[in-house]
Amino acid sequence: QMPPDDRTRLLVRHPKFRHRFALGTLDGASWSCLLDESAYFARFCPWQRLKGDDWAAILLDHPQYGERCRNWESVDDAMSGSDWAALLSKAPEYADHCTAWSEISGWSWVTLLKAQPGFADRCDWRKLSGLCWTLLLTDHPEFADHCDWGKLSDRNWKLLLASRPEFKKY
């Protein structure tokens, strides 16, 4: 029997061979790879049999398939805070399924808030380092009221003031 990675590569190159494989045995990473290549493969995916880690692999690259997920609890268990931040950056509509808000790191909060500033009410601002604040405030000065200015180093200040001179007053 051919290893899963080899099967995936063969299917990507030659989808006509799909009937020769037990597609239901592919894992989430393999399905994500197939879906990267073509949405054509979505019709063959055994969505109901996927486990949480399979869904995590698929959703991080293909959030549009989340509507097919029926077991978000298993997805939530399989995803880290940074995984959730990456997913919610692309697909904020899945926020109600996330219970990992407290696991999101400062860096991941920057990524998420830059893409989806509406999640600011869930942010644990204490997790942001001086550099995190510099990067976030450069694009979103509206978060200045939450900033712990004491975390910014001299270097952070130079970077911030180069793009946002209005913060000189702090």
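A residue counts as buried when its relative accessible area is under 20%, as exposed when that area is over 50%, and as partly exposed in between. Keep these cut-offs in mind while you look at Lys114, which has a relative accessibility of 34% and therefore counts as partly exposed. The model on your screen is a predicted one, and the tour below moves through it by selecting a few residues or helices at each stop.

**Stop 1: Lys114 and its partner**

With Lys114 still selected, add Asp139 to the selection, and you will find that the side chains of these two residues meet in a salt bridge, with N and O 2.9 Å apart. The pair links distant parts of the chain, since Lys114 belongs to helix H6 and Asp139 to helix H7, and the two residues are 25 residues apart. Asp139 has a relative accessible area of 40%, so this residue is partly exposed. In general, side chains of opposite charge can pair when their charged atoms come close.

**Stop 2: Helices H6 and H7**

Now widen the selection to the helices that carry this pair, taking residues 106-115 for H6 and residues 130-139 for H7. The axes of these helices lie 9 Å apart and the packing angle is about 5°. An angle under 35 degrees counts as roughly parallel, and H6 and H7 are therefore described as roughly parallel to each other. If you show side chains here, you can follow how Gly106, Trp107, Val110, Leu113 and Lys114 in H6 meet Leu131, Cys132, Leu135, Leu136 and Asp139 in H7.

**Stop 3: A nonpolar patch**

Turn on the surface and select Trp107, Leu131, Leu135 and Leu159, which together make a nonpolar surface patch of about 350 Å². Two helices from the previous stop contribute here, because Trp107 is among the contact residues of H6, while Leu131 and Leu135 are among those of H7. Leu159, by contrast, is found in helix H8, which covers residues 154-163. With a relative accessible area of 45%, Leu159 is partly exposed.

**Stop 4: Helices H5 and H6**

Return to H6 and select H5 along with it, and you will see that their axes come within 9 Å and cross at roughly 10°. H5 and H6 are therefore roughly parallel to each other. The contact between them is made by Ser82, Ala85, Leu88 and Ser89 of H5 and by Ser108, Thr111, Leu112 and Ala115 of H6.

**Stop 5: Helix H3**

Select residues 52-61, which form helix H3, a mostly covered helix in which seven of the 10 residues are buried. Those buried residues are Gly52, Asp54, Trp55, Ala56, Ile58, Leu59 and Leu60. To see what they pack against, add helix H2 (28-37), helix H4 (72-78) and helix H5 (81-90) to the view.

From H3, move on to Gly66, which is found in the loop between H3 and H4. Is Gly66 buried or exposed? With a relative accessible area of 3%, Gly66 is buried. Leaving aside residues up to four places away in sequence, Gly66 touches Leu59, Trp72 and Tyr94.

**Stop 6: Thr8 and Glu37**

Go next to Thr8, which lies in helix H1, made of residues 4-13. Thr8 is buried, with a relative accessible area of 3%. Which residues does Thr8 touch, when those up to four places away in sequence are not counted? They are Leu26, Ser30, Cys33 and Leu34. The last of these, Leu34, is 26 residues from Thr8 in sequence, and the two C-alpha atoms are 6.8 Å apart in space.

Then select Glu37 in helix H2, which at 47% relative accessibility counts as partly exposed. Its C-alpha atom is separated by 9.1 Å from that of Arg13, although the two residues are 24 residues apart along the chain.

**Stop 7: The remaining salt bridges**

How many salt bridges does the structure hold? It holds three, and one of them is the Lys114 and Asp139 pair from the opening stop.

Another joins the side chains of Asp124 and Arg126, again with an N to O distance of 2.9 Å. Asp124 is partly exposed, with a relative accessible area of 24%, whereas Arg126 counts as exposed at 67%.

For the last selection, choose Glu166 and Arg164, which form a salt bridge whose closest N and O atoms are 3.2 Å apart. Glu166 is partly exposed, with a relative accessible area of 41%, and Arg164 is also partly exposed, with a value of 22%.

Key. Residues numbered from 1 in each chain as written. Predicted model: local features only at pLDDT ≥ 70, side-chain atom pairs only at ≥ 80, totals over all residues. Heavy atoms only, no water. Patch = residues over 30% accessible without salt bridge, like charges linked within 9 Å, V, L, I, M, F, W, Y side chains within 5 Å. Areas by Shrake-Rupley, 256 points an atom, 1.4 Å probe, with all protein chains shown as cover. Salt bridge = Lys/Arg side-chain N within 4 Å of Asp/Glu carboxyl O. Helix = DSSP H or I, 4+ residues; strand = E, 2+ residues; numbered from the N terminus. Buried < 20%, exposed > 50% of the residue type's maximum accessible area, 1.4 Å probe, protein only. Axes fitted to C-alpha atoms, helices over the stretch in contact; angles between N-to-C directions. Parallel < 35°, antiparallel > 145°, perpendicular 65-115°, else oblique. Contact = heavy atoms within 4.5 Å.
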